[in-house]
Amino acid sequence: MRAALLRLRRGTGLPVAFGGLLDGPRQVRIGELIGTGTRALQGLAISSGNGLGGKAVALSRPCAVTDYHVSRHISHEYDAAVAAEGLRSVLAVPVVVRRRVRGVLYGALRAAQPLGDRTLSAAVAAARDVEQALVVRDEVRSLLAAAREAVAGPEGARGAGAGAGSGPGPEAWEQVREAHGALRALAPRVTDASLRAELLAVCGRLESATLLPDHARDRPVALAPREVDVLSCVAGGVTNATAAERLGLRPETVKGYLRSAMRKLGAHTRWEAVVAARRAGLLP
């Protein structure tokens with residue numbers, strides 16, 4: 001949100017930017033302020049339909065007013081906070097993910113003057129940044145939940161079957177490997193440091209879930225994170241071009257990482273590299 005507000009301010013030239021995400025059903029809470037002189041807007045809860053931001057939420061489209069205090073096109077529940085900050089011209093752009101409003105970005109002037117199409121377009125572009133970040137975050141959380149289930153399944157099966165010589169079935173391991181590949185591909189796109197750390201920790205648990213006993217394990221091999229990312233894609237049977245698309249790399253770069261990983265693992269083919277990485281505990 002803060003990065004998007006900084007982009008909004010740079011792209012529009014508006015001195016004040018603020019915004020927040022959904023906090024309960026149909027209510028947005030202002031959580032980030034840039035360029036403000038007071039804390040009047042901090043923590044303000046914007047209900048759907050109320051004020052300029054509430055109108056943007058209700059209509060799921062950008063809205064703007066030239067002079068907030070005298071506008072007849074909005075309700076005025078938040079006039080005191082807006083007046084305390086001295087704002088006049090204000091725009092509000094909803095953050096919409098899969099047809100659901102998830103937040104609002106605002107830009108404002110302390111003078112009453114029209115906000116042109118270029119200003120609105122730049123604000124919309126900033127909102128798109130938040131939307132993409134939320135899409136990635138939602139996907140990561142969904143995959144993390146699936147990965148935890150996958151880890152619990154094989155580990156539980158391994159523990160329960162240890163005495164009888166049985167283990168997890170191939171379907172369970174396939175779920176583990178699919179979750180691992182998807183999480184590794186998403187990791188570089190996650191800007192939230194704590195979420196990325198959690199994601200990588202789960203990847204580590206997935207990788208260690210298949211570690212062999214010490215006497216049967218290959219000697220340790222150190223691969224770069226991107227080499228592991230590429231191998232996790234290869235393990236899923238995708239082409240270099242598809243791996244490049246998933247990882248946001250060029251196909252030539254993927255080939256380079258793959259060659260480097262194969263060399264370190266002493267493998268002559270892509271599949272040999274995957275098998276060697278699994279034996280070394282680098283892939284599930």
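Me: Which residues line the second largest cavity?

Reply: Good place to start, and keep in mind that this is a predicted model. The general idea is that rolling a probe the size of a water molecule over the atoms shows where empty space is left. Here, the lining of the second largest cavity is made up of Arg177, His180, Gly181, Ser232, Ala235, Arg278, Leu283 and Pro284. Helix 5 (170-186) and helix 7 (225-235) are the elements that each give two or more residues to this lining. Helix 5 has the largest share, with 3 residues.

Me: What volume does the second largest cavity have, and how do the residues of its lining divide by class?

Reply: Its volume is about 40 Å³. By class, the lining has 3 nonpolar, 3 polar and 2 charged residues.

Me: How many cavities of 30 Å³ or more does the structure hold, and what is the volume of the largest?

Reply: There are 2 of them, and the largest has a volume of about 100 Å³. Among the residues that line the largest cavity are Phe18, Ile30, Leu44, Ile46, Tyr68, Val82 and Tyr106. By class, its lining counts 11 nonpolar residues, 1 polar residue and no charged ones.

Me: Let me turn to the strands. How do strand 1 and strand 2 run, and how many bridges join them?

Reply: A general point helps when you look at side chains: in a regular strand they alternate between the two faces of the sheet. In this chain, strand 1 (residues 16-22) and strand 2 (residues 27-34) run antiparallel and are joined by 6 bridges. To find the register, start from alanine 17, whose bridge partner in strand 2 is isoleucine 34.

Me: What do strand 1 and strand 2 form, and which residue in the turn has a positive phi?

Reply: They form a hairpin, with 4 residues between the two strands. Glycine 24 is the turn residue to look for, with a positive phi of about 90°.

Me: Where does strand 3 pair?

Reply: Strand 3 (residues 45-47) pairs with strand 2 in the antiparallel sense, over 3 bridges. Here the register can be read from arginine 29, which has alanine 45 as its bridge partner in strand 3.

Me: Now for the whole chain. How many helices and strands are there, and what percentage of the residues count as buried?

Reply: The chain has 10 helices and 6 strands. Of its 284 residues, 42% count as buried. The exposed area of the chain is about 14,100 Å², and carbon and sulfur atoms supply 52% of that area.

Me: What share of the contacts with a separation of 6 or more comes from residues 24 or more positions apart?

Reply: Such residues account for 59% of those contacts in the chain.

Conventions. Residues are numbered from 1 along each chain as its sequence is written. This is a predicted model: local features need pLDDT of at least 70, side-chain atom pairs count only at pLDDT 80 or more; totals for chains, interfaces and linings use all residues. Side-chain values use heavy atoms; hydrogens and water are left out. Buried means under 20% relative accessible area, exposed over 50%, partly exposed in between (1.4 Å probe, protein chains only). Contact means heavy atoms within 4.5 Å. Accessible areas come from the Shrake-Rupley method with a 1.4 Å probe; for residues, only the protein chains shown count as cover. Two strands pair if DSSP finds at least two bridges between them. On a 1 Å grid over the protein atoms alone, a cavity is a set of points where a 1.4 Å probe fits but cannot get out, and a pocket is an open set with protein on both sides within 12 Å along at least five of seven lines; lining residues have an atom within 4 Å of a point. Grid points are joined across faces, edges and corners, and a volume is the space filled by probe spheres set on the points. Ala, Val, Leu, Ile, Met, Phe, Trp, Tyr, Cys and Pro count as nonpolar, Asp, Glu, Lys and Arg as charged, and the others, Gly among them, as polar.
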